[in-house]
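Biologist: I would like to learn how to read a ligand site and a surface patch. Could you take me through one example?

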Amino acid sequence: MASQEDVFKKLIAHSKEYGFVFPSSEIYDGLGAVYDYGQNGVELKNNIKKYWWDSMVLLHENVVGIDAAIFMHPTTWKASGHVDAFNDPLIDNKDSKKRYRADVLIEDLMAKYDEKINKEVEKAAKRFGDSFDAELFKQTNPRVLENSAKKNEIHTRFVKALNDSDLAELKQIIVDYEVVCPISGTKNWTDVRQFNLMFSTEMGSTADGALTVYLRPETAQGIFVNYLNVQKTGRMRIPFGIAQIGKAFRNEIVARQFIFRMREFEQMEMQFFVKPGTELEYFNKWKETRMKWHKALGFGDNKYRFHDHDKLAHYANAATDIEFEMPFGFKEVEGIHSRTDFDLSSHEKYSGKNIKYFDPEINESYTPYVVETSIGVDRMFLSVMASAYQEEALENGETRVVLKFPSALAPVKLCVMPLVKKDGLPELARQIIDDLKFDFKCAYDEKDSIGKRYRRQDAIGTPFCVTVDHDSLNDNCVTIRHRDTMQQERVKISDLENIIGKAVSMKELFKKIAEK
Ligand code: ATP
């Protein structure tokens with residue numbers, strides 16, 4: 001069986017070969033951790049964004065959207081804490097000259113102990129068969145106990161070091177547990193230093209005193225500074241939310257793992273403004289709603305888990321991540337944070353403007369508390385690609401590579417294929433596309449054998465292939481072939497819109513999310 005790493009490599013190669021993701025400015029050898037989306041990638045990405053956007057603004061009467069500018073007044077980032085505290089602890093290996101995030105090295109170290117434990121459990125499960133009690137084994141097996149004690153010891157030190165911002169202790173953990181650089185294999189480390197992740201640039205000419213502005217590192221602040229504009233002009237009453245999709249920029253130190261960690265990426269964020277004291281109730285509600293959104297895609301409930309934060313950001317009173325099982329392990333895809341009134345109070349202080357909400361129900365003004373849901377489009381894209389990508393052994397001995405996207409997200413919904421390039425079949429195929437193109441992204445393919453054409457569509461995840469043959473000219477029927485089952489059926493041309501429309505509609509997904 002292929003290792004997870006091989007699968008990931010294949011996925012990256014496939015993404016490029018089939019027009020999903022290209023390295024940025026590739027003809028100049030690319031730019032670190034910056035990527036472009038190709039002709040199929042952009043369709044998939046747009047569909048993911050639509051799935052998120054509509055799930056926010058259609059399903060919730062009290063959630064509306066905005067689209068704020070990337071540049072913001074520089075004081076915004078002072079108020080938000082990003083100028084002073086948006087740092088990563090970094091450490092260099094003196095031999096390989098490679099730079100790492102100290103916290104990531106320690107997290108990977110802990111994951112290794114988890115792996116060891118899991119291996120012991122798997123081995124024992126095989127040995128003992130049906131009567132195996134994994135929990136009991138974990139509580140009693142000496143090797144498992146030793147590994148989990150080590151992991152807990154590291155964990156306790158790590159959390160304390162993060163909370164105390166103790167950089168020397170972070171390094172000490174790396175030294176004590178003999179973490180080696182994966183490139184040089186040595187333990188020759190520099191001290192840990194803080195590194196600010198914001199990109200800055202100049203606005204205006206230097207003659208009139210250029211202003212240093214930042215490329216926003218998150219979209220959330222555009223919502224905070226506009227919340228009162230939206231509340232007043234939209235006559236919104238608390239609780240209400242503001243949703244936004246947009247680019248964010250971070251000068252990530254360790255930018256690896258393809259589109260998982262990029263320097264330019266896109267976020268989908270929703271800030272929900274609530275009455276102080278009710279925030280944890282809404283935090284739990286949004287946790288549940290967001291998990292349903294993920295699970296509705298049908299990749300398997302076991303692919304997701306919540307991971308509560310070890311260290312709460314200075315502004316948060318509750319925080320969790322939704323993690324997804326990527327080819328390189330469970331990783332954060334989305335964060336859900338209860339941010340208290342930190343941001344709004346801070347903007348009030350720095351701007352000197354009153355941005356309190358007047359609550360007509362209690363006849364009082366207050367600064368709302370905020371619960372946010374924040375998901376990266378690109379990480380979501382990667383999780384969809386990783387789950388969809390499958391290599392299937394066929395009965396005839398061949399392998400087919402197929403992207404089993406949920407039909408609602410698939411970049412191309414159908415491909416229409418005339419059996420041969422003559423006898424009026426191409427004309428009928430074109431006519432079918434002309435009828436369906438208003439609703440669905442359609443493709444046309446007349447080259448090579450039907451089998452080859454099916455494979456090409458499988459490789460980009462097209463849920464339906466429609467073949468026009470000589471009989472079609474008389475009976476007005478075509479053969480529709482389903483991507484996942486590869487089954488074919490004869491249907492009326494006039495039924496295509498209905499059949500495909502039902503299968504690719506997002507409505508069924510939304511119903512699952514809205515279910516009580
Ligand atoms: P990480 O711990 O992985 O650096 P984070 O906790 O800093 O992520 P948040 O600030 O909570 O991330 O951002 C919310 C979401 O934005 C993340 O869950 C992720 O999906 C996405 N995101 C953050 N940084 C990046 C990045 N460099 N590249 C792609 N997506 C990102």
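**Reading the ligand shell**

Modeller: This is a predicted model. Start with the elements around the ligand: strand S10 (264–274), strand S13 (329–338) and strand S16 (369–376) each supply at least two residues of its shell.

Biologist: Which strand gives the largest share of the shell around the ligand?

Modeller: S13 does, with five residues. In total, 16 residues surround the ligand, and the closest are Glu252, Arg261, Met262, Glu332 and Val333.

Biologist: How do the residues of the shell divide into nonpolar, polar and charged?

Modeller: Seven are charged, five polar and four nonpolar.

Biologist: How should I read polar contacts with the ligand?

Modeller: Look for pairs of N or O atoms within 3.5 Å. The side chain of glutamate 252 has an N or O atom 2.8 Å from a nitrogen atom of the ligand. For arginine 261, a side-chain N or O atom is 2.8 Å from an oxygen atom of the ligand. Glutamine 267 places a polar side-chain atom 3.3 Å from a ligand oxygen atom. As for cover, the ligand has 600 Å² of accessible area on its own, and the protein covers 85% of that.

Biologist: And the surface patch: which residues make the nonpolar one?

Modeller: Phe71, Met203 and Leu211 make a nonpolar surface patch of about 260 Å². Leucine 211 belongs to strand S8 (residues 211–215).

Biologist: Why is leucine 211 called partly exposed?

Modeller: The term covers values between 20% and 50% relative accessible area. Leucine 211 has a relative accessible area of 42%, so it counts as partly exposed.

Technical notes:
Residues numbered from 1 in each chain as written. Predicted model: local features only at pLDDT ≥ 70, side-chain atom pairs only at ≥ 80, totals over all residues. Heavy atoms only, no water. Near = heavy atom within 4 Å. Polar contact = N/O pair within 3.5 Å; in protein donor to acceptor, adjacent residues only side chain to side chain. Areas by Shrake-Rupley, 256 points an atom, 1.4 Å probe, with all protein chains shown as cover. Helix = DSSP H or I, 4+ residues; strand = E, 2+ residues; numbered from the N terminus. Nonpolar A, V, L, I, M, F, W, Y, C, P; charged D, E, K, R; others polar. Patch = residues over 30% accessible without salt bridge, like charges linked within 9 Å, V, L, I, M, F, W, Y side chains within 5 Å. Salt bridge = Lys/Arg side-chain N within 4 Å of Asp/Glu carboxyl O. Buried < 20%, exposed > 50% of the residue type's maximum accessible area, 1.4 Å probe, protein only.
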